[in-house]
Amino acid sequence: MTAMFEQTAAGPTAMRRGFLAIPETVRQARLIAEAQALQWALPHAVAKDAALIVSELLTNSVRATPYQSVTLRMFLVSNGLRIEVWDPSPTLPK
């Protein structure tokens, strides 16, 4: 699935990407998250942290909903970067 960007007058401020919940997705999403953070000119440390957070969140989704559709969303906020992952599991992670 291709990345989708939300457009504002200032340009794209959000990225949404769908994945299949399989282990290989975690590495791919980690690279995408880091690259997107760097493209938004965030500091390298923030890009590395974003990649780690995406990895953790998607690993949870892969374990909870294998072979289901999951969605990663990253967007710039006034004080930094927000990262969200959605999956079809009705149970909250522990």
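The questions and answers below go through a predicted model of one protein chain.

User: Which pattern does the chain follow when it is read along the sequence?

Analyst: In this predicted model, the secondary structure comes to two helices and four strands. Of the 94 residues of the chain, 35% count as buried, and the chain exposes about 6000 Å², with carbon and sulfur atoms supplying 57% of that area. Read along the sequence, the helices and strands follow the pattern β-β-α-α-β-β.

User: Among contacts between residues at least 6 apart in sequence, what percentage joins residues at least 24 apart?

Analyst: One pair that is far apart along the chain is Ser61 and Ala21, which are 40 residues apart, while their C-alpha atoms are separated by 6.7 Å. Taking the contacts in the chain between residues at least 6 apart in sequence, the share that joins residues at least 24 apart is 53%.

User: Which element gives the largest share of the largest nonpolar core?

Analyst: The largest nonpolar core has 18 residues, and those with the most contacts inside it are Ala29, Val54, Leu58, Leu72, Met74 and Ile83. Two or more residues of this core come from each of strand S2 (11–20), helix H1 (23–39), helix H2 (44–64) and strand S3 (69–77). The largest share, five residues, is given by H2.

User: Which residues is Val54 in contact with, leaving aside its neighbours within four places in sequence?

Analyst: Val54 is among the residues with the most contacts inside the largest nonpolar core. Once its neighbours within four places in sequence are left aside, the residues in contact with Val54 are Ala29, Arg30, Ala33, Leu72 and Ile83.

User: Is Ser61 buried or exposed?

Analyst: Ser61 lies in helix H2, and, not counting residues up to four places away in sequence, it touches Ala21, Pro66, Val70, Val85 and Asp87. Its relative accessibility is 2%, and because a residue under 20% relative accessible area is classed as buried, Ser61 counts as buried.

User: Within what arc do the buried residues of H1 fall, seen down the axis of the helix?

Analyst: Helix H1 has 17 residues and reaches 25 Å from its first C-alpha to its last, which is close to the 24 Å expected at 1.5 Å a residue. Its buried residues are Thr25, Val26, Ala29, Ala33, Glu34, Gln36 and Ala37. They line one face of the helix, because, seen down the axis of H1, they fall within an arc of 165°.

User: Which exposed residues does the face of H1 turned away from its buried side carry?

Analyst: An α-helix has 3.6 residues a turn, so residues three or four places apart point the same way. In H1, the buried side includes Ala29 and Ala33. The face turned away from that buried side carries the exposed residues Glu24, Arg27 and Gln39.

User: Which residue, with a positive phi, follows H1?

Analyst: Just after helix H1 comes a residue whose phi is positive, near 65°, and that residue is Ala41.

User: How far apart are the closest N and O atoms in the salt bridge of Lys48 with Glu34?

Analyst: A search of the whole structure finds three salt bridges. In this one, Lys48 lies in helix H2 and Glu34 in helix H1, so the pair ties together parts that are 14 residues apart in sequence. Glu34 is buried, with a relative accessible area of 18%. The closest N and O atoms of Lys48 and Glu34 are apart by 2.9 Å.

User: Which residues do salt bridges that share partners join into one network?

Analyst: Glu84 forms a salt bridge with Arg73, with the closest N and O atoms 3.9 Å apart, and because Glu84 lies in strand S4 (residues 80–86) and Arg73 in strand S3, the pair ties together parts that are eleven residues apart in sequence. Glu84 also forms a salt bridge with Arg82, where the closest N and O atoms are 2.8 Å apart. Glu84 counts as buried at 16% relative accessibility, and Arg73 is buried at 17%, whereas Arg82 is partly exposed at 44%. Through their shared partners, these salt bridges form one network of Arg73, Arg82 and Glu84.

Note on methods:
Residues numbered from 1 in each chain as written. Predicted model: local features only at pLDDT ≥ 70, side-chain atom pairs only at ≥ 80, totals over all residues. Heavy atoms only, no water. Core = buried A, V, L, I, M, F, W, Y, C linked by side-chain atoms within 4.5 Å. Buried < 20%, exposed > 50% of the residue type's maximum accessible area, 1.4 Å probe, protein only. Contact = heavy atoms within 4.5 Å. Expected span 1.5 Å × (residues − 1). Arc of directions from axis to C-beta. Areas by Shrake-Rupley, 256 points an atom, 1.4 Å probe, with all protein chains shown as cover. Salt bridge = Lys/Arg side-chain N within 4 Å of Asp/Glu carboxyl O.
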